[in-house]
Amino acid sequence: MLCAFRHGSTGPKVFLYFGQMIASHCSTTSLLSLPENKKGGGKNALREHRQFRSLFGCSPEVVAEIWYRIAPRAGGDISLKKGAEPRHLLWALLFMKVYANEDVLCSIVGGVDNKTFCFWTRY
């Protein structure tokens, strides 16, 4: 899925994937994979979207739209820091939704250090 991001595809499924990676760090039950890879995808997809929304405060579709609007494009006025990735947007949304101290948030997103987390969430 990371390859899809690098080639410019940053739709809702990419954000759902990154959200699942983050959620698997803070839960004993992993979210496993994308909905279309599961049997009985309807209920699982609804559950995954509900979990995503509870962790980040909005749906993957809304996050994809935010990314589209802030992502650098040729001739655009808005520019992100060099190296910004979709997961960094999820970190910022998590920071706003949970508003815990950096140690807790770093544990949730997978053990990144405080300096890295603050760099990507507070600019």
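This report looks at one loop serine and at helix α5 with its partner α7 in a predicted model.

## A serine between two helices

Let's start with S59, which sits in the loop linking α3 (41–56) to α4 (60–70). Although S59 belongs to a loop, its relative accessible area is 8%. Buried means under 20% on this scale, so S59 counts as buried.

Which residues does S59 touch, once neighbours within four places in sequence are set aside? The contacts of S59 are then with F52 and R53. Both positions fall in the range given for α3 (41–56).

## Helix α5

Next comes α5, a helix of 13 residues covering 86–98. From its first C-alpha to its last, α5 reaches 18 Å, close to the 18 Å expected at 1.5 Å a residue. Just after the helix comes Y99, with a positive phi near 50 degrees.

Which residues of α5 are buried? They are P86, H88, L89, L90, W91, A92, L93, L94 and F95.

## Where α5 meets α7

Two packed helices can be described by the angle between their axes and the distance between those axes. For α5 and α7 (residues 114–121), the axes come within 8 Å and cross at roughly 90 degrees. The two helices are therefore roughly perpendicular to each other.

On the α5 side, the contact is made by H88, W91, A92 and F95, while α7 brings T116, F117, W120 and T121. Sorted by class, this contact holds five nonpolar and three polar residues, with no charged ones. Happily for anyone tracing the interface, H88, W91, A92 and F95 also appear among the buried residues of α5.

How values were computed: Residues numbered from 1 in each chain as written. Predicted model: local features only at pLDDT ≥ 70, side-chain atom pairs only at ≥ 80, totals over all residues. Heavy atoms only, no water. Helix = DSSP H or I, 4+ residues; strand = E, 2+ residues; numbered from the N terminus. Buried < 20%, exposed > 50% of the residue type's maximum accessible area, 1.4 Å probe, protein only. Contact = heavy atoms within 4.5 Å. Expected span 1.5 Å × (residues − 1). Axes fitted to C-alpha atoms, helices over the stretch in contact; angles between N-to-C directions. Parallel < 35°, antiparallel > 145°, perpendicular 65-115°, else oblique. Nonpolar A, V, L, I, M, F, W, Y, C, P; charged D, E, K, R; others polar.
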